[in-house]
Amino acid sequence: MRGLLASSVGVTCAVALALPLTSSAVAARPVSSAAVRPASGAGALGGTQSLPLAPLTSRDRTLAPVAEQGLPRRDVRHFSLVGVIWDDPDAVLNGRVQVRTRAVGADIWSGWQDLEIHNDDAADPGTAERTSGRVHGATAPLWVGDSDGVEVRVRAEADRRTEDTARGSRTATTTAPLPAGLRLELVDPGESAPAPTGEESAAGAPRRALAPRPAPTADPADADAANDASAANAGLVGLGATEIPALDRQQTEQELFALRAAELTGQQRVKPYIGPRPRIVTRHGWGADEGLRERTFVYTKKVKAAFVHHTASGNGYRCTQAASLIRGIYRYHVKSMGWRDIGYNFLVDKCGNIYEGRAGGVARPVLGAHTLGFNSNSMGIAVLGSYGAKKPPAAATRAIAQLAAWKLGLHGANPKGKTYLKSGGGNRYPKGKKVRLNVISGHRDGFATECPGRQLYRKLGSTRTTAARLQGR
């Protein structure tokens, strides 16, 4: 999330901005013929349409003119996830971004929906990932479901300031320019992987095994990348597995001794504090195209803290669509925003299913791009959805606690404790400052943002308690 604006008004990474929305529009399809999804294997893999935005005329002549860019209503190839990017990753978009879409096979358009503009999940300043020259500024992506029509408008926010003059005070209105290189990104996540659960129910839903997903391409390099991502979980599960099964406490303790025996203290050997390993859907299980990401893995020293996020991508998905949503976010992070891989280490859907995020092994300290300034020695857990106004399901918060109890336990961290992390630079703490944080923190604790949303942030206290209890504390 991009942080606090100069006016000191905090950003909000889930709730809609305060401008009034127009009502839903009902319209027939434009005269031009609708684009058709390719029937080839390339279409099955998904793809991204990147469309440049152009200046628009102000729709309301009674208001002072504002800078506005957009894209008129048009037919496009199928997509399910939408976002807006711009050239400079450090440029702030002060304004509002809205889209409306048309579902495939329908003539009715949605109402205008806001995109969260302060998307500050990012690699730390000065890192190779951040300085690659490929990184863009971006909104959070929004899940809209299978669609083939889109319209977008980006409007700069007028800044009104009161100035003291010799004759009294006056109000000056200025409008900051929009960032350069605005583009609309329409993401097709490709064919859905098998659903991770048998039902949508969050509590007690029967689970079915994921069927092996065929390799998406015959490219030997991509096949090698897929094998590398799977092999990073060696010792936990076999090559090509679609899920890492849950373990009971005794099995988890045995796994801890196997993974970190040389690092355990005497007390940890006698009574290790670690929660039972939860079931985790692997990258292969959610259908990651390993040819998209950078080939190598990057690690930090250990995992001292967990930062909880929400993806701010809306709550309109079904849990059977979670794999598609993750593939969409993955492609958006890599192809649109220019990151080396998906930013989060783990993702959780609203039914409580846990998914492997950035490649490198779920038990290893993989360096993510989730909390600008505090990616080292931490992990990022993102709940799929927007939780500023909506309460997170109990299944999702319990899954966070289960995951944290296990992963933090691998590194001897107490979920109810405090720890110190050194800031890599951000809008809340300067680079180099040692900051005392909760071991389970919200994104807003390390960066000036409303993420993970007010309602999810309120649940972190009970999440810490549950995680500690699962560790046997």
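A polar contact is a pair of N or O atoms within 3.5 Å, where, within protein, one atom must be able to donate a hydrogen and the other to accept it. In this predicted model, such a contact joins the side chains of Asp90 and Arg130, at 2.7 Å.

Asp90 is a convenient place to begin, and its surroundings can be described step by step. The residue lies in the loop between strand E3 and strand E4, the latter covering residues 95–103. With a relative accessible area of 55%, Asp90 counts as exposed, because the cut-off for that word is an area over 50%. Besides its polar contact with Arg130, Asp90 can be located relative to His136, a residue 46 positions away along the chain, since the C-alpha atoms of Asp90 and His136 are separated by 8.3 Å.

From this loop the reader can turn to strand E3 itself, which spans residues 68–86. Of its 19 residues, 15 are buried, so the strand is largely enclosed by the rest of the structure; buried here means a relative accessible area under 20%.

The partners of E3 can be taken one at a time. Strand E2, made of residues 54–55, runs antiparallel to E3 and is joined to it by two bridges, and in one pairing Ala54 has Gly70 of E3 as its bridge partner. Strand E7, residues 142–156, also pairs with E3 in the antiparallel sense, over nine bridges, with Leu81 finding its bridge partner in Trp143 of E7. Strand E10, residues 183–188, is antiparallel to E3 and connected to it through five bridges; here the bridge partner of Val84 is Leu184. Finally, strand E6, residues 137–138, is joined to E3 by two bridges, again with the strands running antiparallel, and Ile85 is matched with Ala138 of E6.

The last part of this tour concerns two helices. Two packed helices are described by the angle between their axes and the distance between the axes. Helix H3, residues 249–260, and helix H7, residues 394–410, pack at an angle of about 35°, and their axes are 10 Å apart. The crossing in which H3 passes H7 is right-handed. On the side of H3, the contact is made by Thr252, Glu255, Leu256, Leu259 and Arg260, while H7 contributes Trp406, Gly409 and Leu410. Sorted by class, the residues in this contact of H3 with H7 comprise four nonpolar, two polar and two charged ones.

Technical notes:
Residues numbered from 1 in each chain as written. Predicted model: local features only at pLDDT ≥ 70, side-chain atom pairs only at ≥ 80, totals over all residues. Heavy atoms only, no water. Axes fitted to C-alpha atoms, helices over the stretch in contact; angles between N-to-C directions. Helix = DSSP H or I, 4+ residues; strand = E, 2+ residues; numbered from the N terminus. Left-handed = near helix turned anticlockwise from the far one by under 90°. Contact = heavy atoms within 4.5 Å. Nonpolar A, V, L, I, M, F, W, Y, C, P; charged D, E, K, R; others polar. Buried < 20%, exposed > 50% of the residue type's maximum accessible area, 1.4 Å probe, protein only. Pairing = 2+ DSSP bridges.
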